[in-house]
Amino acid sequence: MSRILVVEDEDGLSGAIQEWLQDEHYVVTVASDGLEALKKLRHDSFELVLLDWMLPNLSGLEICKRFRATGGITPILMITAKSTLSAKEEGLDSGADDYLTKPFSMRELSARVRALLRRPKTKPEMIIEAGGIRLDRKSLKVTKGDQLLRLLPKEFILLEVLLKHSGTVLSTEELVDHVWGSNSDITPDTVRSHVKSLRKKIDSEGSPSLIKTIHGMGYKIEAD
């Protein structure tokens with residue numbers, strides 16, 4: 001039986017969804033808080049997540065981004081009252097696989113659940129390399145040749161984001177969103193400080209920096 005995590009803070013709706021899915025022989029776990037949901041995703045295994053957008057403490061959008069950034073591949077069906085095209089684009093771009101607008105029928109929910117569970121599962125890319133730098137997302141190690149580079153947690157995430165988007169310019173705002181979260185009060189100076197610190201650890205003396213500054217736009221790592 002497939003395990004499904006239902007993340008919804010409206011008790012009546014979460015209870016109705018849980019009862020319906022259990023009647024269809026799914027194993028259902030419920031979380032009503034964003035941080036609680038993220039903790040369950042990190043420590044438990046699910047085949048599908050039904051995720052509300054508006055949640056206490058951490059939004060569904062932020063949960064999507066953080067879960068995908070750490071290599072999470074579980075399908076996510078976002079459930080929300082936000083029905084505009086821009087909201088749907090934002091939800092899907094954050095890492096959701098499908099989008100269901102409230103109010104909805106339980107039969108439509110079931111159909112979308114079955115469709116997502118039928119999709120073939122893919123493994124996330126664990127090793128990312130560029131410019132002689134090798135980042136292992138599983139062991140959380142970064143090496144340059146035979147040398148192990150000791151990075152701080154935020155430096156590791158910053159390097160991972162830049163490597164994953166190799167060849168693409170990422171703005172300061174996008175880096176803040178990916179590394180610190182969209183609700184943080186991090187300033188551009190903090191981003192510049194972390195980029196400077198990261199460069200000192202990954203660059204070779206006398207050689208151009210692996211991280212390019214694109215003035216007025218942001219930063220990027222050139223694709224090999």
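Begin by selecting Asn57, which lies in the loop between strand E3 and helix H3 (60-69) of this predicted model. Asn57 has a positive phi of about 75° although it is not a glycine, and the residue is exposed, with a relative accessible area of 60%. As background for this stop, most residues other than glycine have a negative phi, and most peptide bonds are trans.

Two further backbone stops follow from that remark. Select His25, in the loop between helix H1 (11-23) and strand E2, where phi is near 75°, a positive value in a residue other than glycine; His25 is exposed as well, its relative accessible area being 58%. Then move to Lys102 and Pro103, which are joined by a cis peptide bond with an omega of about -10°, and note that Pro103 sits in the loop between strand E5 and helix H5 (106-118).

Now zoom out and show the whole chain as a cartoon. The secondary structure of the protein comes to 8 helices and 11 strands, and along its principal axes the C-alpha trace spans about 65 × 35 × 25 Å. Of the 224 residues in the protein, 43% are buried. Among contacts between residues at least 6 apart in sequence, 55% join residues at least 24 apart.

Next, colour the open sheet of 5 strands, whose order is E2-E1-E3-E4-E5 and whose pairing is parallel. Which strands form its edges? They are strand E2 (27-31) and strand E5 (98-101), each of which pairs on one side only. On average, and with direction ignored, neighbouring strands of this sheet are turned by 20° against each other.

Within the sheet, select strand E1 (residues 3-7) together with strand E3 (residues 48-52), which pair in the parallel sense over 4 bridges. One place to look is Ile4, whose bridge partner in E3 is Leu48. Helix H2 (residues 34-43) packs on the sheet and touches E1, E2 and E3, while its direction makes about 140° with that of E2. Add helix H4 (residues 85-93) to the selection: H4 lies across strand E4 (76-80) and E5, and runs at about 140° to E5.

For a side-chain stop, show Lys82 and Trp53 as sticks, and you will find Lys82 over the face of Trp53, at 5.1 Å from the ring centre. Should you look for paired aromatic rings elsewhere, the count of aromatic pairs comes to 0.

The tour ends in the nonpolar interior. In the largest nonpolar core, which has 26 residues, the ones that touch the most other members are Val142, Leu159, Leu162, Leu175, Ile202, Ile211 and Ile221. At least two residues of this core come from each of strand E6 (127-130), strand E7 (133-136), helix H6 (153-164), helix H7 (172-179), helix H8 (188-202) and strand E11 (218-221). Which of the elements gives the most to this core? It is H6, with 6 residues.

Select Ile202 and display its surroundings: not counting residues up to four places away in sequence, Ile202 touches Ile133, Lys144, Leu149, Leu159, Leu210 and Ile211. Apart from the largest core lies another core, of 21 residues, and for this last selection you can pick out Ala31, Phe46, Leu61 and Phe67, which are among its members.

Note on methods: Residues are numbered from 1 along each chain as its sequence is written. This is a predicted model: local features need pLDDT of at least 70, side-chain atom pairs count only at pLDDT 80 or more; totals for chains, interfaces and linings use all residues. Side-chain values use heavy atoms; hydrogens and water are left out. A nonpolar core is a set of buried Ala, Val, Leu, Ile, Met, Phe, Trp, Tyr and Cys residues joined through side-chain atoms within 4.5 Å. Buried means under 20% relative accessible area, exposed over 50%, partly exposed in between (1.4 Å probe, protein chains only). Contact means heavy atoms within 4.5 Å. Two strands pair if DSSP finds at least two bridges between them. Axes are lines fitted to C-alpha atoms, for helices over the stretch in contact, and angles run from 0 to 180 degrees between N-to-C directions. Rings of Phe, Tyr and Trp (its six-membered ring) pair if their centres lie within 6.5 Å; planes under 30 degrees apart count as stacked, over 60 as edge-to-face and the rest as tilted. A charge sits over a ring if NZ of Lys or CZ of Arg is within 6 Å of the ring centre and within 35 degrees of the ring normal.
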